Amino acid sequence: MAVSLQKGGNVSLSKEAPGLTDVSVGLGWDVRTTDGKDFDLDASALIVGENGKVLSDGHFVFYNNKQDPSGAVVHQGDNLTGEGEGDDEVVKVALNTVPTEAKKIVFVVTIHEADARGQSFGMVSNAFIRIVNDAGNKEIARFDLSEDYSTETAMIFAELYRHNNEWKFKAVGQGYAGGLGAVARDYGVNV
Amino acid sequence: MNLQPGQNTVLSELSVRAELSWIPATTALELDPSAFLLAATGKVPGDEGFVFYGQPKSADGAVVLNVARREFSLELDRLSAGIEKVVIALTIEQGQKRGQRFGDLSEVTLTITGADEPLVFPLVASGMSEVALIIGEFYKRNSQWKFRAVGQGFNGGLGPLATHYGIEVKDDPEQAEPSTNPPSPAVEPAPSTTASSPPVNLNKITLEKRKPVSLTKESGKYGQIIVNLNWTRGKGSGGFFSRNKGIDLDIGCFVELRSGIKDVVQALGNTFGAYDSKPYAHLLADDRTGEASQGEFLHINGDQWSEFRRVLVYAFIYEGVPNWAAADAVITIKAPDQPELVVRLDSHSSSEGMCAVAMLENDGGKIKVSKLIDYYRGHRFMDEAYGWGFSWRAGRK
């Protein structure tokens, strides 16, 4: 049973899913059936230290940098159109191998060239982002982007963060102006 | 509340009106509103799921199109069980063929009223290459009705739009090569030999001009067929532009009976016809100004339909500069218990003074109605085009 996410609410992953070691953040949407530019949604992750900035530029995991130096966070591949069933982009996290200096992992979803293409989540059919416990393939939480974030072009989806030696999950669901570049810059990536 | 493309909102009221408008209001584009009633599959469950000028009311009565006002009345709580979405679309008639697209407009606006606060979706059209647009959709989600502003569409026009919603379009005039053969009337598709279910076939519906709507009635008697013409007198008449005498628009018809009798019914030449005797078509009062509230009426005796071969309904500008857009003419053809056919002549740049509006043909006892909208310089040219074979001379009424 997935947790219904309220903005800013905390869910302890270890309580929701005891012994959690591997999670996948999945992003899915439907291929555009009307004429016009494709909808290209991107899932990305930022591995952030105590100061709230990425540990290094290499700790910004996105379509051009498919994994962090430790290999704990791996982007499974860029999907440009939404073609395929279920999750169209997946970022996998092996929590046990995340470097100790990492305090949290921030997950974002953005629309590529949203401004130039004049697109927002509401124009995309069945766009969602979710987090799944790989053991048992159990969905922990899900956001409906098409429906509940219709006017946004970028969103901070969620954070996984360390708290008292366990990883906690915090749903954020905060729209973000400026796209992926702005998100990365704000977390200290040299874009 | 203003909506942007993609935005959705919960409806506070289930009985609403959705009106389409555009900027500039006067345009050469011929714009046809339509609605698709969709099941959870995202497809129409049958031909009753398509509401347009040829079928302006859904079978359940929950969605009604007022063609003249470009307005839909929706009672979402009255929709047939299983209908989860109502899509409002706007298409440019023969847009591809005429090289027209929504980018020829600057804005298309959908205004939804009936709830506490009007919902307005102003869609910027400039630069759009689409010929058919999904303007917005009413949809059920978690047992609530919502509305989403869409503003996406198809460069190929009505064909791909209809296909998108599960309607198979045959003989799409946008795509078809010109043919010397007349399009064949709806033919039942050959039974599929495969196990897969055949696509929903709605080709009996008038998707485009010249595709007939059949007003089927078993008895062969149709009662009184009422053809109405209404229009707006030219703006500014008698005022600043005092040379403008306004527009006098007339309705008329060519009648051809099975006996071979051919006749013209119109005010010009004082050939008002007769209802109970041949030619079984009668023009009522001549409205010289367009200011009579009901406009001009032509009655056709449907009880004598077996006598008819065909009737060509037309409108012509008797006096005034041919400016169809300013005349804003609406022609309604109504037979008892039959769907109303509404044709609007507001959006044409034609400088020809005559317009063939619709053809009523006796098709094995049924009335087959085809929307025409072809412009001619006058009676003689239209006659030549449709082959009635009258001889013509100038006249005054």
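In chain A of this predicted model, residues 24 or more positions apart account for 65% of the contacts with a separation of 6 or more. The secondary structure of chain A consists of 4 helices and 11 strands. Of the 191 residues in chain A, 42% are buried.

One of the helices of chain A, α4, spans residues 179-186, and its buried residues are Leu180(A), Val183(A) and Ala184(A). Seen down the axis of α4(A), these buried residues fall within an arc of 95 degrees, and they therefore line one face of the helix. The face turned away from that buried side carries the exposed residues Gly181(A) and Arg185(A). The cover over the buried residues of α4(A) includes four strands of chain A, namely β3 (41-48), β4 (60-61), β7 (104-111) and β10 (154-163). After α4(A) comes Gly188(A), which has a positive phi, near 90 degrees.

A positive phi also occurs in chain A at a residue that is not a glycine: Asn137(A), with a value of about 50 degrees. Most residues other than glycine have a negative phi, and most peptide bonds are trans. Asn137(A) is located in the loop between β8 (128-133) and β9 (138-144) of chain A. Is this residue buried or exposed? Because Asn137(A) has 8 C-beta neighbours inside 10 Å, it counts as exposed.

Chain B has an asparagine to set beside it. Asn142(B), likewise not a glycine, has a positive phi of about 50 degrees. The loop that holds Asn142(B) runs between β10 (132-141) and β11 (144-154) of chain B. With 7 C-beta neighbours inside 10 Å, Asn142(B) counts as exposed.

The two strands that flank this loop, β10 and β11, also belong to an open sheet of 6 strands in chain B, with the order β1-β11-β10-β7-β3-β4 and antiparallel pairing. Which strands stand at the edges? They are β1 (8-10) and β4 (50-51) of chain B; each has a single partner strand, so one side of each is left without a neighbour in the sheet. The partner of β4(B) is β3(B), and the two pair in the antiparallel sense over 2 bridges. Within this pairing, Phe36(B) stands opposite Phe50(B) in β4(B).

Phe36(B) also appears in the nonpolar interior. The largest nonpolar core has 56 residues, and those with the most contacts inside it are Ala35(B), Phe36(B), Leu37(B), Val87(B), Ala89(B), Val108(B) and Ile135(B). Strand β7 of chain B, residues 85-92, gives the most to this core, with 6 residues. Another core, of 54 residues, lies apart from it and has Ala43(A), Ala72(A), Val108(A) and Ile140(A) among its members. Around Ala35(B), leaving aside its neighbours within four places in sequence, the contacts are Val51(B), Val63(B), Leu65(B), Phe72(B), Val86(B), Val87(B) and Ile88(B).

Further along chain B, strand β20 covers residues 330-334, and its side chains alternate between two faces. Ile331(B) and Ile333(B) point to one face and are buried, whereas Val330(B), Thr332(B) and Lys334(B) point to the other and are not. Strand β20(B) pairs with β13 (residues 224-230) of chain B, the two running antiparallel and joined by 5 bridges. In that pairing, Asn228(B) stands opposite Thr332(B). Strand β20(B) also pairs with β21 (residues 341-344) of chain B, in the antiparallel sense and over 4 bridges. Here Val330(B) has Arg344(B) in β21(B) as its bridge partner.

Two peptide bonds of chain B are of interest for their geometry. A cis peptide bond joins Ile23(B) and Pro24(B), with omega about 0 degrees. Pro24(B) sits in the loop between β2 (15-23) and β3 (31-38) of chain B. Lys278(B) and Pro279(B) are likewise joined by a cis peptide bond, for which omega is about 15 degrees. The place of Pro279(B) is the loop between β16 (273-274) and β17 (281-283) of chain B.

The two chains also meet. Where they do so, 11 residues of chain A are in contact with 14 residues of chain B. What is the character of the side of chain A that touches chain B? Its residues divide into 2 nonpolar, 7 polar and 2 charged.

Technical notes. Residues are numbered from 1 along each chain as its sequence is written. Chains are lettered from A and ligands numbered from 1 in the order in which they are written. This is a predicted model: local features need pLDDT of at least 70, side-chain atom pairs count only at pLDDT 80 or more; totals for chains, interfaces and linings use all residues. A residue is buried if 20 or more other C-beta atoms lie within 10 Å of its own, exposed if 12 or fewer, and partly exposed in between; C-beta atoms are placed from the backbone. Two strands pair if DSSP finds at least two bridges between them. Two residues are in contact if their C-beta atoms, placed from the backbone, lie within 7 Å. Ala, Val, Leu, Ile, Met, Phe, Trp, Tyr, Cys and Pro count as nonpolar, Asp, Glu, Lys and Arg as charged, and the others, Gly among them, as polar. The arc is that of the directions from the helix axis to the C-beta atoms. A nonpolar core is a set of buried Ala, Val, Leu, Ile, Met, Phe, Trp, Tyr and Cys residues joined through C-beta atoms within 7 Å.
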